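Hi,

Here is the structure I promised to pass on. Have a look at it first, and then read my notes below with the model open beside you.

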Amino acid sequence: MRILAVLTVRNEAAFLLEWLAHHRVVGFSDVLVFSNDCADGTDALLDRLMARGLLTHVRNAATDDGGVQWSALKQADKHPLTRAADWILPFDIDEFVNIHAGDGRLADLFAALPEATAITLTWRLFGNGGIVRYADAPVTEQFTRAAPVPCYWPWRAAMFKTLFRNDGTYRKLGVHRPRNPDPARVDDAAWFDGSGRRLPELYHRQKLFSPYWQANNGLVQLNHYALGAMESFVLKADRGRAVHAQDQLGIGYWMDRNFDASEDLTIARYRDETRAEIAALMADEETASLHQAGVAWRHRRFRELMADEPMRALFGQLRMAPPTRPLDRDAAGELMRWAQAAMRRQG
């Protein structure tokens, strides 16, 4: 079975090997990576990994009004790996597939949901945990405090990425869900959530969110490490967003995601195998050197950004801000009702 991961990156050389190692353990057979305007050697590292037969790298020189990620996905639509795949998941380098079914492999997830043609992997937002300094250590081991399950607010806590069967029902990739459904096939789609519940037909054509009032991670979740260390977040703010390039990352983005309500160590089931995969990747001298160059670039770039007052101010705000306090269902429900009323007024 061909299972394809589609990834878009910029200046992520320091994080690439852990992400790749983890998802090789989980069971992805193919990895298609688009790089964009890298200053830290990410593109060179991807070239080396491609030369070793570990992934396919495409330089994403094109631009798109929706951001570089949309530009990459449009190219991915036409790529031979996409056409050959049985299942596809487009996702990001700060997202890690965490399967609770069976032995934690994609094969176990498919066995648990044999009728599925699409499976929603709902985010679990992992907070910063008070970590200030960027360190060259596995993200999945450093950041273990997360949002509660379920997380009633913000609404984005219920967002998902979609692992879908590449059977022709959907003809284009999307950031959160496949797009351009075939009218002759879409009614026969079978969408399931991360707890194995069959989702209503509304999900066949739209919806980016799981029901916010219930847990959606009994079989699988998507660990979302959107913040990282405070130093890393400053670099992320400097880079900007992949989808909405015009949007700035600031303290509001941080507060919407900096949960430490509970500890989640479930991804540790992969730890030993992932460490072994990382070691195998690093056994190649050129790979190891390019990784270390990416680490050094992050330290150097942070020092450069501290000469910029807006970035110093952001770093100070991060250090002053407390962890995010989860809202209860009643408080979140009030906000949802206001949002729904606003959408009705808008038509």
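**What sits over helix H3**

The buried residues of helix H3 are covered by, among others, strand E1 (3-9), strand E2 (30-35), helix H4 (80-84) and strand E4. If you want to find H3 itself, go to residues 68-77, where Gln69, Ser71, Ala72, Leu73 and Ala76 are the buried ones. One thing to keep in mind as you click around: this is a predicted model.

**Strand E1 and its partners**

Two of the strands that cover H3 pair with E1, which is a good place to go next. How many of the residues of E1 are buried? Seven of the seven, so the strand is largely enclosed by the rest of the structure. Here's a bit of background for that: in a regular strand the side chains alternate between the two faces of the sheet. In E1, Ile3, Ala5, Leu7 and Val9 are on one side, Leu4, Val6 and Thr8 are on the other, and all of them are buried, so both faces are covered.

Now for the pairing. E1 and E2 run parallel and are joined by six bridges, and one pair to look for is Leu7 with its bridge partner Val33 in E2. E1 also runs parallel to E4, this time with four bridges. There you can look for Val6, whose bridge partner in E4 is Pro90.

**Strand E8, with antiparallel neighbours**

From E4 (residues 87-90) you can step across to E8, since two bridges join these strands, which run antiparallel. Ile88 stands opposite Phe164 in E8. Strand E6 (residues 118-125) is also antiparallel to E8, and five bridges join that pair. Here Ile119 stands opposite Leu163 in E8. Is E8 enclosed or open? Five of its six residues (160-165) are buried, so E8 is largely enclosed by the rest of the structure.

**The nonpolar cores**

Some of those residues turn up again here. The largest nonpolar core has 63 residues, and the members that touch the most other members are Trp19, Phe28, Leu49, Val97, Ile99, Ile119 and Leu163. Which element gives this core its largest share? That would be helix H1 (residues 13-26), with ten residues. Trp19 is worth zooming in on: leaving out neighbours within four places in sequence, Trp19 is in contact with Ala5, Leu7, Val31, Phe91, Asp92, Ile93, Glu95 and Phe96. There is also a second, separate core of 22 residues, which includes Ala118, Phe160, Phe164 and Val175.

**Leu125 in strand E6**

Back in E6, have a look at Leu125. Its relative accessibility is 2%, so Leu125 counts as buried. Not counting residues up to four places away in sequence, Leu125 touches Arg145, Ala146, Ala147, Ala157, His224, Asp256, Arg257 and Phe259. Leu125 and Leu335 are 210 residues apart in sequence, and their C-alpha atoms are 20 Å apart in space.

**Some backbone details in the loops**

The loop between strand E7 (145-146) and E8 holds Pro150, and Pro154 is in the loop between E7 and E8 too. The peptide bond from Val149 to Pro150 is cis, with omega near -5°. The bond from Trp153 to Pro154 is also cis, with omega near 5°.

Then there are two residues other than glycine with a positive phi: Asn11, near 55°, and Asp37, near 50°. Asn11 lies in the loop between E1 and H1, while Asp37 lies in the loop between E2 and helix H2 (42-51). Which is buried and which is exposed? Asn11 has 9% relative accessibility, so it counts as buried, whereas Asp37 has a relative accessible area of 56% and is exposed.

**Two helices that cross**

Last stop: helix H8 (residues 230-239) and helix H11 (residues 285-305). Their axes come within 10 Å and cross at roughly 75°, which means that H8 is roughly perpendicular to H11. On the H8 side the contact is made by Glu231, Ser232, Val234, Leu235 and Asp238, and on the H11 side by Trp297, Arg298, Arg301, Phe302 and Leu305. The residues of this contact divide into five nonpolar, one polar and four charged.

Happy browsing!

Notes
Residues are numbered from 1 along each chain as its sequence is written. This is a predicted model: local features need pLDDT of at least 70, side-chain atom pairs count only at pLDDT 80 or more; totals for chains, interfaces and linings use all residues. Side-chain values use heavy atoms; hydrogens and water are left out. Axes are lines fitted to C-alpha atoms, for helices over the stretch in contact, and angles run from 0 to 180 degrees between N-to-C directions. Angles under 35 degrees count as roughly parallel, over 145 as roughly antiparallel, 65 to 115 as roughly perpendicular and the rest as oblique. Contact means heavy atoms within 4.5 Å. Ala, Val, Leu, Ile, Met, Phe, Trp, Tyr, Cys and Pro count as nonpolar, Asp, Glu, Lys and Arg as charged, and the others, Gly among them, as polar. A nonpolar core is a set of buried Ala, Val, Leu, Ile, Met, Phe, Trp, Tyr and Cys residues joined through side-chain atoms within 4.5 Å. Buried means under 20% relative accessible area, exposed over 50%, partly exposed in between (1.4 Å probe, protein chains only). Two strands pair if DSSP finds at least two bridges between them.
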